[in-house]
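The following exercises concern one protein chain. Please examine the sequence and the structure, then attempt each task before reading its solution.

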Amino acid sequence: MSARETRAQRLARLAAQVDWSKVTALSTGERYGPEVMAALWAADRVTADRACADLRFAAIGDGSSVSGAAAGILPFLVEAALDPDVTVRFEILRTIADIAGTGNAARSAKADGILEGRWRPTVDEAWPAAWQRAAGELLPLLDDGDHVIRAGAVRALAQSAAHADLLIPRFRARFDEEPDLWSAGCLVLGVGELARHATRRREEAIAWLRHRMAVEGKGPEPDIVEDVDAWLAWDEEIRHDVRLQAVEALCRALPGHADPRYAPVTTAALLASSAATGGPPAECLMPRADVIAEADRRLGADLPGRLTLALALLRHDGTEERAGGLRIAACLMSRWRSAVPALLPAVAERAGDARPENRVLALRILAMCGAAARPWADLVATHLAPAAREPHEPTREHALWALSRMGDDRCVPPLAELLATRGDFIHRSNGSAARGWDRGELDLAEALAPFAAHTDVLLAPLLTRISTSANRRHPYFSLLRQWHRDGADIVPRLIELLDDEATLMVSAHALLQLDSGAVAAAHRERLRQRVGSQDAGRAGGLDRLSPFEYRALTGDGEPARALPHTCDTLGAPEADRLRGMFHAALSRKPKRWSDAPKGAVEGALALWRLTGDVDDVLPALLHLTARSALAVHQTPGSVEALELLAEVAATHPPVAERVAAQLRTTAEARIAHDNRFDAMATVRSLWQLTSDPRQVVPLLLGLVRICPPPGSTDPTVLDPLRLLAEVAAADPASIAPAAPVLRALLAADERPVRHDDWRSVRDDEALCTAARAVLDAG
């Protein structure tokens, strides 16, 4: 009988034992038959690989549970993995390892914590016994002639918890004979995985792994290593440097146990691999940057170890190593406050790195740290000095950005020049909407924001930029408002510029942005000639003013009064018309019971602004808000109706207490359902109505709990903290319940904001400033 016939007979016997009704595509329910198993032996590698992927998905789906198909298809997978004619043996072994790993993880998943009362991963009851039988059949693959297959077999067998005590000596013996470095590393990781489940061989495995932290038993023993330099001094020729894998294996075998030797060993292994040639060893298939990132990942939550690694890399002779050190330093600083003083001096040294890309990255990190980096401002400023002649333009721009983030006014003249010539930085990161390290950061308006004291230099080029920018005026107008809030005396200067025909309109629009009131009465006639239609202000151009903008600037309301149906002409007949429209809106049936009828809130607001008559709007508003207060999510008109009701109630004390109770109940319901948008608006209205800390402080603490950190969509946690500071200023004793939470926030080392982002430090500082403002007021 031929080998092909023997295989066919064996596959037919295995197929007869499978319940094919369970072998389905978990997303579509499509059933598979014996043909999908036969496809594993296809000569076409694409077909075989697709069959392997289909079987993996049928067994574990998204990788969280083991289905009823797994036990049935396992014998086919083992048979294919053992057959040298199969082209996808490694992929099959990886699939077996994934199924077994999912089974181990799912069985050990606890029913508490975030899984309490929710869906939990499951394992088909037939899988453990099937896997225990099949694992022994894979043992011959440890001696396969292909090192890739040997590594795949190790990965699969490492998931065999039931055979841990038997496999550990096999893996160790195989390691002594293994000629391939990658396969040897897999064996070390496999011993670490098995040590988690071993009973008799556990201590033996851990001792062996600790011995592997010294390469092949050569070099200094880990127990006597005192610093990284001792490791770096050792350059003896080695056969298998598996120190990185040994550290990771020990982390698996002893979870939560941070050995102080891990960091020196990891650092030494990483740097020694390129000590002789300045590059990665020939057998390392990953780019150098990936090797460094992988070594850092293996240290996990070991902050001292990762700091040691970053410092060693920052001071290394290799440019790739220094770049890796800068990347690790940025990650650590974005997460841990204590990492800034520990790493900042070494990062600042790299601002003069021979490699331009490293200089740019170091300057970005200094900019990220803001005020903390001020001691190195002189070093940064050298890149802008004419004598230095910095040849790399991105370095010059990042130095300018760093000085602006430090608040150093030496950047003002070059920023003014940049504003006049280009209007923005050229060398920016990709995508302003991106997250993390890809987020666009070099923004000229943001760089100019701290320098309200220098508007004598910056105002003229800013106005010129506004007048010549067709599509990018908003950030510049925002910058004007920021300077005005920061105390810059720019209104008189803008009024002076109204005398010049060339700057008349841009100055007028700038004054409107500052909401300065009627300040241009002396220029009425000249501005009157520029009055356009009622929509002129919305058109976006600077050449015309709407009648209402003209009135805001000059106090002259004649053009506005000349418009039909404006508030300036409304009298008793118009009030009656508005009442009719308002009650017509009230009679409309909303789409949902909790919605306000379309147009009802707008009508109430217009009527209230016109008449100021409580009786016109109060009954309807009480009805509208009673309807929507029970809804736990935002509904059309609900927030606006509550805010208007609070405004009306402030002028009518008989209903103030009732409205306050309604606001409080609504805020509590929204907080309970994590609806921070409605909750923040209603709590703010409650404070404005009652000025009672006892009512708002518990709600604000609830908002602090549910609001996201700075850098997220408003409202963030900064909003309730700012209102809490306002409450504390009125009644210092009232914020006592918040003090422990805020002190803990300030004392924490890990930043309670999004990590791995250029804005992490800035967001954390904004959060700390807001928390200190509350505590200082209290």
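A salt bridge is a side-chain nitrogen of Lys or Arg within 4 Å of a carboxyl oxygen of Asp or Glu. The model examined here is predicted.

**Exercise 1. A salt bridge between E320 and R355**

Task: Establish whether the side chains of E320 and R355 satisfy or fail the definition of a salt bridge, and state where the two residues lie.

Solution.
Step 1. The N to O distance between the side chains of E320 and R355 is 3.5 Å. The cut-off is 4 Å, so the pair counts as a salt bridge.
Step 2. E320 belongs to helix α16 (residues 319–335), whereas R355 is in the loop between α17 (339–349) and α18 (356–369). The two residues are 35 residues apart, and the pair links distant parts of the chain.
Step 3. Buried means under 20% relative accessible area, exposed over 50%, and partly exposed in between. E320 has a value of 31% and is therefore partly exposed. R355, at 23%, is also partly exposed.

**Exercise 2. Two salt bridges of helix α39**

Task: Identify the salt-bridge partners of R337 and R762, and describe the surroundings of these pairs.

Solution.
Step 1. The partner of R337 is D764, with the closest N and O atoms 2.8 Å apart.
Step 2. R337 lies in the loop between α16 and α17, and D764 in helix α39 (residues 760–777). The residues are 427 apart in sequence, so this salt bridge ties together distant positions of the chain.
Step 3. The relative accessible area of R337 is 15%, so R337 is buried. D764 is buried as well, with a value of 2%.
Step 4. The partner of R762 is E446, and their closest N and O atoms are 2.2 Å apart. R762 is in helix α39 and E446 in helix α22 (residues 444–448), 316 residues apart.
Step 5. R762 has a relative accessibility of 17% and is therefore buried.
Step 6. Elsewhere, D143, R150, R174 and E178 are joined into one network by salt bridges that share partners. In the whole structure, a search finds 36 salt bridges.

**Exercise 3. The packing of α9 and α12**

Task: Determine how helices α9 and α12 are oriented, and which residues form their contact.

Solution.
Step 1. Helix α9 (residues 181–195) and helix α12 (residues 243–253) pack at an angle of about 15 degrees, and their axes are 7 Å apart.
Step 2. Angles under 35 degrees count as roughly parallel, so α9 is roughly parallel to α12. Their crossing is right-handed.
Step 3. On the side of α9, the contact involves G185, V188, L189, G192, E193 and A195; on the side of α12, it involves Q245, A246, E248, A249, R252 and A253.
Step 4. These contact residues comprise six nonpolar, three polar and three charged.
Step 5. E248, which lies in α12, deserves separate attention. With a relative accessible area of 10%, E248 is buried. Leaving aside residues up to four places away in sequence, E248 touches L189, E294, R297 and R298.

**Exercise 4. The packing of α4 and α6**

Task: Carry out the corresponding analysis for α4 and α6.

Solution.
Step 1. The axes of helix α4 (residues 69–82) and helix α6 (residues 127–135) come within 9 Å and cross at roughly 15 degrees.
Step 2. The angle makes α4 roughly parallel to α6, and α4 passes α6 in a right-handed crossing.
Step 3. A70, A71, L74 and V78 of α4 meet W127, A130, W131 and A134 of α6.
Step 4. The contact residues divide into eight nonpolar, no polar and no charged.

**Exercise 5. The position of L494**

Task: Is L494 buried or exposed, and which residues does L494 touch?

Solution.
Step 1. L494 lies in helix α25 (residues 491–497). Its relative accessible area is 0%, so L494 is buried.
Step 2. Not counting residues up to four places away in sequence, L494 touches L459, L463, S507, A510, L511 and L514.
Step 3. For one of these, A510, the C-alpha to C-alpha distance from L494 is 7.6 Å, and the separation in sequence is 16 residues.

**Exercise 6. The chain as a whole**

Task: How many helices and strands does the chain have, and what percentage of residues is buried?

Solution.
Step 1. The chain contains 39 helices and zero strands.
Step 2. Of its 778 residues, 51% count as buried.
Step 3. Among contacts between residues at least 6 apart in sequence, 64% join residues at least 24 apart.

Definitions and conventions:
Residues numbered from 1 in each chain as written. Predicted model: local features only at pLDDT ≥ 70, side-chain atom pairs only at ≥ 80, totals over all residues. Heavy atoms only, no water. Axes fitted to C-alpha atoms, helices over the stretch in contact; angles between N-to-C directions. Helix = DSSP H or I, 4+ residues; strand = E, 2+ residues; numbered from the N terminus. Parallel < 35°, antiparallel > 145°, perpendicular 65-115°, else oblique. Left-handed = near helix turned anticlockwise from the far one by under 90°. Contact = heavy atoms within 4.5 Å. Nonpolar A, V, L, I, M, F, W, Y, C, P; charged D, E, K, R; others polar. Buried < 20%, exposed > 50% of the residue type's maximum accessible area, 1.4 Å probe, protein only.
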